[in-house]
Every structure is written in C-alpha cells, then in structure tokens.
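Me: Could you take a close look at the pockets of this structure for me, and then at the residues and helices around them? I would enjoy one connected walk through it.

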Amino acid sequence: MVRNPLLNTHTLVSRFYAEAVRIPGSPALMVKRDGKYCEISWHEMEQRVRYLATALIKLGVRPGDRVGILSENRQEWIEADFAILSVGAITVALHSALTSQQVGDQFRDAAPVVVFTSNPEQLEKLLDVWEELPSVKYIVAFDPTTAAQAAVTAYTDLLATGKSEYERGDGELNRRIRDAKPTDI
C-alpha cells in the first residue's frame, strides 16, 4: 500500500485522498452519459476535487464557512462536497424538491458564501430568493448552459481556474487537508 505522509485516515477528507492514493486506477464512480455507464477513476475524481477545492480557496472560502449545494444526485455534487470538506468548510446540502421559499429559509439560516446548483429549475429557486441572502457571494451552476443563460459561474470554468491555481502550488490546500481533524464539523 502506498502511503502519503500528508494524510492520516481519521477524517472523511483524509479517507478520500488515501483511497485515491491506494487505488488510483480503480473506479470511484459510475456515471451515466449518453445512455451508457462510464467509470470515473479515483485519480480523476481526486484531481477534480483538488482543482475545485483550490478554486474555492481562491474565491475566499475559509475554514468554517458554509457552502450550499442545491442539486439532485450527480458526479459534481460528490466532487463539490469533498472539495468543500477539503478546504475546511461546511456543506449545506438542501433537498432538491424544496420550494424557493424553503430554500430561502434554510440558506438564510445557514448563510452560505457559495452555492452550487444543478439545473435551471434549481437555479431559479435560488435566484428567486437571492436578494434575501446577503451571505451568498457566488453562484456556481453545474450545467454550463444554465450558467451562460443566468450569467453565473460555470462549474467547468471554476474547475479550470482551480487547475491553473493548483498547478502553481502554494500549498494552502494541502495544509487544509492535513489540518482536518475528526472533531471538525
């Protein structure tokens, strides 16, 4: 077994990265695309999570901040969740069947600084109450078409920004991963 000295295996974050090191070529997820299931390897998943986490740091997300996810189950949901945890933030995942008013009530209480949405329907719910959510500084749409139509950040653009920043390597992400504790939320 390959060991990474930056990681323990006492947190969800460290377990995720430890598995990516241990079995990089094995499938982490099976994703349905064009009617067929495709494998997403642990290595690919880890890279995408690292890039997204780096982008979140660049957006100013700090340990303890809340980051919302308003989406059905999908690959990007899982990546966003692990990226949020990787930077020491707290995932606020809302059930996708909630109404705009319920979304507003829950996000007002949680005060996320960034919210990820899956599709036009979920984005519309958020936009309906956005003026009531002063904490939300950035909205990210998993679907690039939705992002373009609503003039919000596209998930793919955030990944590209994160990749560029990650490759410069200031070490902040690795520090946050290493500093995660089992007592963190």
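Reply: Happy to; what follows starts with the two pockets, then turns to some buried residues and a helix pair. Please keep in mind that this is a predicted model.

Let's begin with the largest pocket, which holds about 390 Å³ of space. Its lining counts 20 residues, and those closest to the centre are L85, A180, K181, D184 and I185. Three helices, α1 (12-22), α3 (75-86) and α8 (172-179), each give at least two residues to this lining. The largest share comes from α8, with three residues. If you are thinking about the chemistry of the wall, the lining of the largest pocket splits into 10 nonpolar, five polar and five charged residues.

The second largest pocket has a volume of about 230 Å³. Around the second largest pocket you will find T54, I57, K58, E165, Y166, R168, G169, D170, G171, E172, L173 and N174. Here α2, α7 (155-168) and α8 each contribute at least two residues. So which classes make up this wall? The lining of the second largest pocket has three nonpolar, four polar and five charged residues. Helix α8 is therefore a handy landmark, since α8 supplies at least two lining residues to the largest pocket and at least two to the second largest pocket.

From there, R50 is a natural stop. R50 sits in helix α2, which spans residues 42-58. Is R50 buried or exposed? Its relative accessibility is 6%, and because the cut-off for buried is under 20%, R50 counts as buried. Leaving aside residues up to four places away in sequence, R50 touches Y17, Y166, L173, N174 and I177. Among these partners, Y166, L173 and N174 also appear in the lining of the second largest pocket.

Next comes Q75, found in helix α3, a helix that takes part in lining the largest pocket. Q75 is buried too, because its relative accessibility is just 7%. Its contacts, again not counting residues up to four places away in sequence, are L29, V31, R33, I40 and R48. A useful distance to check in your viewer is the one between Q75 and F142: these residues are 67 apart along the chain, and their C-alpha atoms are separated by 9.7 Å.

Now over to helix α4, where A110 has its place. A110 is buried as well, because its relative accessible area is 17%. Setting aside residues up to four places away in sequence, A110 touches R66 and V92. The C-alpha atoms of A110 and E76 lie 21 Å apart, with the two positions 34 residues apart in sequence numbering.

Helix α4 (residues 100-110) also meets helix α5 (residues 120-129): their axes come within 8 Å and cross at roughly 65°. The crossing of α4 past α5 is right-handed. On the α4 side the contact involves S100, V103, G104 and F107, while α5 brings E124, K125, L126, D128 and V129. By class, the residues of this contact are four nonpolar, two polar and three charged.

Key:
Residues are numbered from 1 along each chain as its sequence is written. This is a predicted model: local features need pLDDT of at least 70, side-chain atom pairs count only at pLDDT 80 or more; totals for chains, interfaces and linings use all residues. Side-chain values use heavy atoms; hydrogens and water are left out. Axes are lines fitted to C-alpha atoms, for helices over the stretch in contact, and angles run from 0 to 180 degrees between N-to-C directions. Helices (H or I, at least four residues) and strands (E, at least two) are DSSP runs, numbered from the N terminus. A crossing is left-handed if the near helix is turned anticlockwise from the far one by less than a right angle, and right-handed if clockwise. Contact means heavy atoms within 4.5 Å. Ala, Val, Leu, Ile, Met, Phe, Trp, Tyr, Cys and Pro count as nonpolar, Asp, Glu, Lys and Arg as charged, and the others, Gly among them, as polar. Buried means under 20% relative accessible area, exposed over 50%, partly exposed in between (1.4 Å probe, protein chains only). On a 1 Å grid over the protein atoms alone, a cavity is a set of points where a 1.4 Å probe fits but cannot get out, and a pocket is an open set with protein on both sides within 12 Å along at least five of seven lines; lining residues have an atom within 4 Å of a point. Grid points are joined across faces, edges and corners, and a volume is the space filled by probe spheres set on the points.
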